[in-house]
Amino acid sequence: MIRIMSKKVIIVGSGAGGCAVARELALKGFNITVLEAGSKFSSLNRAFSYAYPFSRLGLLGGEKTISKVFPHMKTTRASDKLVVVTGQTMGGCTTISCGNIVRADRGLKEIGLDLKSEFDELEKIIGIAPIPFDKWRSLTLKMFKTATRLGLDPTPTQKAVNVHKCTGCGLCELGCAVNAKWDARKFLDKQIRKRVSVICKTAVKKLIIEGGVVKGVEARKERESLRLYSDIVVLAAGGLGTAQILKASGVDASDTLWVDIVSTLGGICKGAKQLHEPPMVWYTKHEDYILSPYIDILSVWFYKPWRKVSVNDRVGIMLKLADSASGMVTKEGDIIKQVTNYELERIDEGLELARQVMENSGVNGPFVRGLLNGGHLGGTVPLRKKDIDSMKPSYLPDNLWVADLSLAPRSQGMPTMLLASALALRVARKIIEAKNN
Ligand SMILES: Cc1cc2nc3c(=O)[nH]c(=O)nc-3n(C[C@H](O)[C@H](O)[C@H](O)COP(=O)(O)OP(=O)(O)OC[C@H]3O[C@@H](n4cnc5c(N)ncnc54)[C@H](O)[C@@H]3O)c2cc1C
Ligand code: SF4
């Protein structure tokens, strides 16, 4: 065992939460070490066209193959129906995001948490704007108009994408090769990086807790075991990683994981080339889901019912559902989560609307559903009303904080990067406050 002494703040995970908290604490003079399980990020999107012919022949295997060619994207089976997708790399899930920035705040009012000032501040730092209409595919515009006619009130999505650099390759979830898309690494600009050391390929296994006080973490860097000490530990390893570390350390994590279930309806329109634009350029908002134009890459590559149609002719509309907070993460990092009958009914209802939008825009059947998956993992350390003053559930040991989507008590059915960063920013300010008292 190697013993490294006295790092001031250890932040575990470098995603939407981890980078936001690192930035804020570094600006206030804290000495920060970020431990990241994944490696430095590099995009894959040039490989898509090479892999596509193999997928048509069914030679790519199941969805687990994605991690073999693109180790930054991990898939885990939560049940026979549901696949969970996470980003394991510097920048976390934000590196494989679609670049959507939305103020998701479901369930926050009920616990007395208003993140408006954090949303305002972060949107300014990130820089957001919709993709201009002239960069949309003509069919996407047609579907937008149809959705308007059907009274669904579609809105252009705010994006963290530099439209001047964006080539419209459509493969944001494989990373942006031309650096047009924002991800959380950008929180750590040159000035901040002088005060933050990021150590990749270092997976935290458990907390070091002595006399009920957190003193540091035990981690594994490749083959080496490390014990790293600090004054404060911030867990920002996402809904999955944070819960796993807590449970492995004998600290509670709540079996209330939600994932925002995604189901994409695929239709056919010859030569539509929907993948030749950024994904999800508009969305319609419903009580507990959104609909948005989208080609589901996992289904294109790995899902048998999608195989027969060329990607140039495939048209999709995604439904993203706010699901029940009913999942569980084990200390080994397995996820157990069923899709309920109620959720399946909501999906049926939403995809029926999606079908109407597509059909009335000239898209043909057969309409096939994609792989059910979820990539917004939250709710495993949910904040309650009584926690809002401290931004820390009271059962967490001293010197330990959580600063990621785990804190959000309810699923959103909406993009969640901004929410994860806003929660983390509020937590960072509480850490600063606590130090000054
Ligand atoms: C494919 C995909 C597309 C998405 N698109 C969008 C979008 O367009 N807009 C949007 O708002 N949201 C999007 N999301 C969701 C959004 O990216 C996440 O909700 C958000 O990043 C969550 O932030 P987080 O800090 O909780 O976790 P993450 O961003 O996942 O960060 C967690 C980090 O912790 C690291 N980690 C995990 N375990 C350990 C460990 N034991 N030790 C060290 N490090 C560890 C991980 O490698 C990761 O880097 C998308 C998600 C996916 C999967
Ligand atoms: S669509 Fe634009 S932002 Fe997305 S990966 Fe391609 S170039 Fe980057």
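Colleague: Let us start with one residue. In which helix is A434 placed?

Modeller: A434 sits in helix α10. Keep in mind that this is a predicted model.

Colleague: Is A434 buried, exposed or partly exposed?

Modeller: Count C-beta neighbours. A residue is buried at 20 or more other C-beta atoms within 10 Å, and exposed at 12 or fewer. A434 has 14 C-beta neighbours inside 10 Å, so A434 counts as partly exposed.

Colleague: What separates the C-alpha atoms of A434 and S390?

Modeller: Read two distances, one along the chain and one in space. A434 and S390 are 44 residues apart along the chain. Their C-alpha atoms are separated by 8.8 Å.

Colleague: Helix α10 spans residues 417-436. Which elements, α10 among them, each supply at least two residues of the shell around ligand 1?

Modeller: Two other helices and two strands join α10 (417-436). The helices are α1 (16-27) and α7 (238-248). The strands are β4 (83-87) and β9 (202-210).

Colleague: How many residues surround ligand 1, and which are the closest?

Modeller: The shell holds 41 residues. The closest are G13, G15, G92, G241 and G375. By class, there are 18 nonpolar, 20 polar and 3 charged residues around ligand 1. Glycine is counted as polar here, so those five closest residues fall in the polar class.

Colleague: Now ligand 2. Which residues come nearest?

Modeller: The shell around ligand 2 has 15 residues. C166, C169, C172, C176 and K181 come nearest. The classes are 9 nonpolar, 5 polar and 1 charged. Cysteine counts as nonpolar in this scheme, so read that nonpolar figure with the four named cysteines in mind.

Colleague: On to the backbone. Which non-glycine residues have a positive phi?

Modeller: N179 is one of them, with phi about 60°. N179 lies in the loop between β7 (158-159) and α6 (190-193). With 13 other C-beta atoms within 10 Å, N179 is partly exposed. K201 is another, with phi near 55°. K201 lies in the loop between β8 (196-199) and β9. K201 has 14 other C-beta atoms within 10 Å, so K201 too is partly exposed.

Colleague: Which residues does a cis peptide bond join?

Modeller: Look at omega. The bond between G365 and P366 is cis, with omega about 0°. P366 belongs to strand β18 (residues 364-369).

Colleague: How is the protein divided into domains?

Modeller: Follow the segments. Domain 1 takes 2-40, 184-255 and 379-436. Domain 2 takes 71-81, 128-175 and 261-374. Their centres, over C-alpha atoms, are 31 Å apart.

Colleague: How many residues of domain 1 are in contact with domain 2?

Modeller: 15 residues of domain 1 are in contact with 15 residues of domain 2. The domain 1 side divides into 5 nonpolar, 7 polar and 3 charged. A caution on reading such counts. The size of an interface is often given as the accessible area lost when the parts come together.

Colleague: Last, the whole fold. How many helices and strands are there?

Modeller: The protein has 10 helices and 20 strands. Of its 437 residues, 55% count as buried. Take contacts between residues at least 6 apart in sequence: 79% join residues at least 24 apart.

Colleague: What radius of gyration does the protein have, and what would a compact globule have?

Modeller: Compare the two values. A compact globule of 437 residues would be near 22 Å, and the protein has 21 Å, which agrees. The C-alpha atoms fill a box of roughly 65 × 45 × 45 Å along the principal axes.

Key
Residues numbered from 1 in each chain as written. Chains lettered and ligands numbered in written order. Predicted model: local features only at pLDDT ≥ 70, side-chain atom pairs only at ≥ 80, totals over all residues. Near = placed C-beta within 6 Å. Domains from an automatic or database assignment. Contact = placed C-beta atoms within 7 Å. Helix = DSSP H or I, 4+ residues; strand = E, 2+ residues; numbered from the N terminus. Rg over C-alpha atoms; globule rule 2.2 N^0.38 Å.
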